[in-house]
Amino acid sequence: MSHDLNTWIDIELRTRRENSVEDDKPLIAPETTFLQWCEQLAAGGMLVDGHPFRLDNRPALRWIYEQIPSTSEEAHKKTLILQKSAQVGFTVLEILATLYMGIKFAPSQIGMYLPDRTLAGVKSSERFMPVIRTIPQVYKMLMNSAGHGEGNILIRNVGKSRFYFLWTSGAMTESVPLDIVSFDEVQEMTIGDMEKTKERMSASRIRYTMMGSTANYEDMDIHYWYKRGTQHQFHTLCPHCNESMILDEHFPDCIRYDEKEYQYRYACANCDGWIDDPQRGEWIAKEPEAIFKSIHFPQMLSPTISPREIIESYFNATDLKNFYNRKLGKPYTDPSQVPINMAMLNACVEEGRKFGVEWKNRGSGMFMAIDQMGCFNVVLIAERLPSGHMAIVHAEEIYHADPFARCTELMANFGVAVCVLEQLPNFNDAHRFAKLPAHDGRVFLVNYSDMPDDWIRWGDAVVSKADRKTSDEDRIRYTVTIDQYRAMQMAFAKIQQKICLFPDADGLIQEIQDKGVKKLVSVLRERVFFHFTRTALIAAKDDEQHKYRRKVVKVGVDPHFAYCFMMLNVAWARAHGTSSFILPEPKTKMSNIEITMPGLPKNLVEIINAPLTETCGSCSAYNKVRGKCDHRNLLVRPKDPACLYYVGVS
């Protein structure tokens with residue numbers, strides 16, 4: 001028994017010594033590059049989604065693997081951006097690259113970010129772990145460092161390095177210091193959240209960033225970052241004329257049907273010759289001096305996706321945006337989803353010139369809207385012309401510790417009758433502004449809600465039982481609930497139909513702050529109009545619920561003035577209803593009416609021209625001080641025709 005015990009002890013000690021020597025030996029040699037390591041893994045039988053990993057048939061992708069740094073000095077403050085099409089292998093590249101750097105640059109803290117917590121958990125369990133289980137040496141490091149099992153689903157330890165599976169939504173940005181950060185599915189992340197997340201690396205010796213995603217809209221998410229980089233594109237070489245071309249820039253003409261071969265093939269834009277190997281060529285940077293390295297990778301460069309699949313997807317596409325994003329890896333904005341363009345806005349400026357619309361700094365009976373942020377408000381003010389048109393007379397960006405103080409001045413200067421603003425993000429400031437005695441129930445705070453049968457509901461129309469029990473000091477009756485999609489749709493319709501008119505687009509110059517830099521701009525043309533053209537109205541089908549979901553989408557920037565204009569139209573609706581039928585003034589002669597509005601029934605023409613004996617000004621409900629009908633709570637003019645509720649002043 002003693003002999004057997006001694007033998008067992010000798011074997012155990014020898015095994016521990018061998019393991020100790022093996023543990024001291026680095027898994028990745030200092031001179032081994034990332035590409036070399038991945039080729040070793042491929043030779044060792046690593047699997048991805050159950051299939052052998054290989055790069056020998058992907059020369060275009062192989063070049064991207066060569067861009068991963070081999071040392072922490074090379075990685076310092078570097079960023080790699082991949083704007084890609086769907087299913088081209090970014091997640092595998094990301095997993096292997098972070099493993100390589102985590103092992104070689106140990107100890108390191110790696111943050112692998114997705115848009116939400118659910119995706120983070122799926123990434124850890126369904127993508128990360130299946131790959132590691134097919135790499136025995138790495139899996140052994142994970143099991144040893146975990147102590148038991150494979151570790152927590154959101155935190156995995158590989159040797160001396162720790163991998164965090166995190167998400168950008170919510171308050172998950174600053175609590176853990178990191179050395180390496182990767183972002184997957186960037187199209188669902190906001191630029192602000194990503195910038196905040198990168199601050200986790202402020203004290204790191206490495207500070208390396210990777211990001212990849214299919215594209216979405218221009219100047220948004222991954223396209224925003226891609227444009228700040230080198231913008232590498234693959235130039236495919238034609239074997240016939242030796243000229244190169246970027247295939248996706250010539251789509252769909254780059255894919256044609258070969259009647260001899262009975263198949264779709266890539267074709268050269270220069271000589272019409274057939275190109276059977278789209279990966280024969282080179283990567284060329286559009287902006288080689290940029291500080292970030294950014295790469296565009298379309299499906300044309302994937303050996304598993306044929307020209308037929310791509311062109312048939314294009315022919316069968318019911319959603320071109322989805323095709324451009326997922327097949328070509330390009331941003332796409334459907335013109336039908338962006339209702340306002342510069343031609344429409346310029347037409348409203350020209351129409352405003354005809355009606356004599358001018359910028360003003362004072363007035364009465366005006367309408368005002370505020371889009372508020374932290375120490376920053378944007379304001380639009382409009383008046384109603386005698387013709388019934390809405391005319392913008394003031395626009396302003398306010399930068400101040402208390403921007404609502406300036407808003408109070410504007411309320412007084414323009415004699416604002418109705419003002420509408422959102423309650424958030426500065427809830428207390430908005431409520432304090434609405435409750436000021438000087439505003440006298442003229443300020444309405446906005447809530448949003450999907451309303452299938454209506455688009456607007458005023459809070460003072462019905463006072464609930466809960467409101468009746470609330471003290472006047474705490475209650476805000478003057479609220480309005482709107483359907484955001486419908487409200488924006490109706491607001492933009494006023495521009496499309498030239499009901500909203502603008503003054504000289506270059507006639508109002510203001511100092512603004514753009515990313516901390518002050519500059520003078522034409523506020524209407526460069527800010528208001530720009531924001532209008534960066535707002536999309538999307539009705540996307542929800543396959544799970546089998547219905548269309550409507551939403552307002554910010555295209556590239558936060559279009560403050562677009563939301564402000566939407567609320568301005570809510571203020572307008574308070575006084576004048578949800579629609580306007582623009583009629584000539586009652587004093588217009590019969591002949592002029594017949595010229596300007598031909599085809600009107602004779603009795604309607606007679607009504608228009610008939611002398612008015614009953615007007616709002618002679619009604620007992622007319623409030624001369626506020627210019628309102630106290631009975632209907634609408635703004636009216638003294639000469640407006642009387643309604644059914646007319647009661648003459650005795």
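Me: Buried means under 20% relative accessible area, exposed means over 50%, and partly exposed is what lies in between. How does R207 count?

Reply: R207 has a relative accessible area of 27%, so it is partly exposed. Keep in mind that this is a predicted model.

Me: Okay. Where is R207 found?

Reply: R207 sits in the loop between α8 and β8 (208-214). Its phi is near 55°, which is a positive value in a residue other than glycine.

Me: And E185, what's its phi near?

Reply: Near 60° for E185, again positive in a residue other than glycine. E185 is in the loop between β7 (180-184) and α8 (191-198). At 31% relative accessibility, E185 counts as partly exposed.

Me: Let's zoom out. How many helices and strands does the protein chain have?

Reply: The protein chain has 20 helices and 30 strands. There are 650 residues in the chain, and buried ones make up 48% of them.

Me: What share of the contacts between residues at least 6 apart in sequence join residues at least 24 apart?

Reply: That share is 70% in the protein chain.

Me: Helices next. How do α12 and α17 pack?

Reply: Helix α12 (residues 342-354) and helix α17 (residues 523-532) have axes 10 Å apart, at an angle of about 130°. That makes α12 oblique to α17. Their crossing is right-handed.

Me: Which residues meet there?

Reply: On the α12 side you have M342, L345, N346 and V349, and they meet R525, F529 and F532 in α17. Sorted by type, the residues of that contact are five nonpolar, one polar and one charged.

Me: Now α13 and α14. At what angle do their axes cross?

Reply: Roughly 25°, with the axes of α13 (residues 403-413) and α14 (residues 427-435) coming within 11 Å. Angles under 35 degrees count as roughly parallel, and so α13 is roughly parallel to α14. This crossing is right-handed.

Me: Which residues make the contact?

Reply: α13 brings F404, C407, T408 and M411, while α14 brings D429, A430 and F433. They divide into five nonpolar, one polar and one charged.

Me: Switching to cysteines. How many disulfides does the structure hold?

Reply: Zero.

Me: What's the nearest cysteine sulfur to C271, then?

Reply: The sulfur of C238, 3.6 Å away, and C271 is in no disulfide. A disulfide is a pair of cysteine sulfur atoms within 2.5 Å, so that gap of 3.6 Å doesn't qualify. C271 counts as partly exposed, at 34% relative accessibility.

Me: What about C500, which cysteine sulfur is nearest?

Reply: For C500 the nearest is that of C348, 6.3 Å away, and C500 is in no disulfide either. C500 has a relative accessible area of 0%, so it is buried.

Me: I'm curious about H560. Where is it found?

Reply: H560 is in helix α18 (residues 560-576). Its relative accessible area is 10%, so H560 counts as buried.

Me: What is H560 in contact with, leaving aside neighbours within four places in sequence?

Reply: H560 contacts D371, M373, F376, V378 and H531.

Me: And I381, buried or exposed?

Reply: I381 is buried, at 0% relative accessibility. You'll find I381 in strand β17 (residues 376-384).

Me: What's I381 in contact with, again leaving aside neighbours within four places?

Reply: The list is M366, F367, M368, A391, I392, V393, H394, L410, F414 and L568. C-alpha to C-alpha, I381 and A369 are 6.7 Å apart in space, with their positions 12 residues apart in sequence.

Me: Last topic, prolines. What is the peptide bond from F251 to P252 like, cis or trans?

Reply: It is cis, with omega near 5°. P252 lies in the loop between β10 (244-245) and β11 (255-258).

Me: And what is omega for the bond that joins L424 and P425?

Reply: About 10°, and that peptide bond is cis as well. P425 is in the loop between β19 (416-422) and α14.

Methods: Residues are numbered from 1 along each chain as its sequence is written. This is a predicted model: local features need pLDDT of at least 70, side-chain atom pairs count only at pLDDT 80 or more; totals for chains, interfaces and linings use all residues. Side-chain values use heavy atoms; hydrogens and water are left out. Axes are lines fitted to C-alpha atoms, for helices over the stretch in contact, and angles run from 0 to 180 degrees between N-to-C directions. Helices (H or I, at least four residues) and strands (E, at least two) are DSSP runs, numbered from the N terminus. Angles under 35 degrees count as roughly parallel, over 145 as roughly antiparallel, 65 to 115 as roughly perpendicular and the rest as oblique. A crossing is left-handed if the near helix is turned anticlockwise from the far one by less than a right angle, and right-handed if clockwise. Contact means heavy atoms within 4.5 Å. Ala, Val, Leu, Ile, Met, Phe, Trp, Tyr, Cys and Pro count as nonpolar, Asp, Glu, Lys and Arg as charged, and the others, Gly among them, as polar. Buried means under 20% relative accessible area, exposed over 50%, partly exposed in between (1.4 Å probe, protein chains only).
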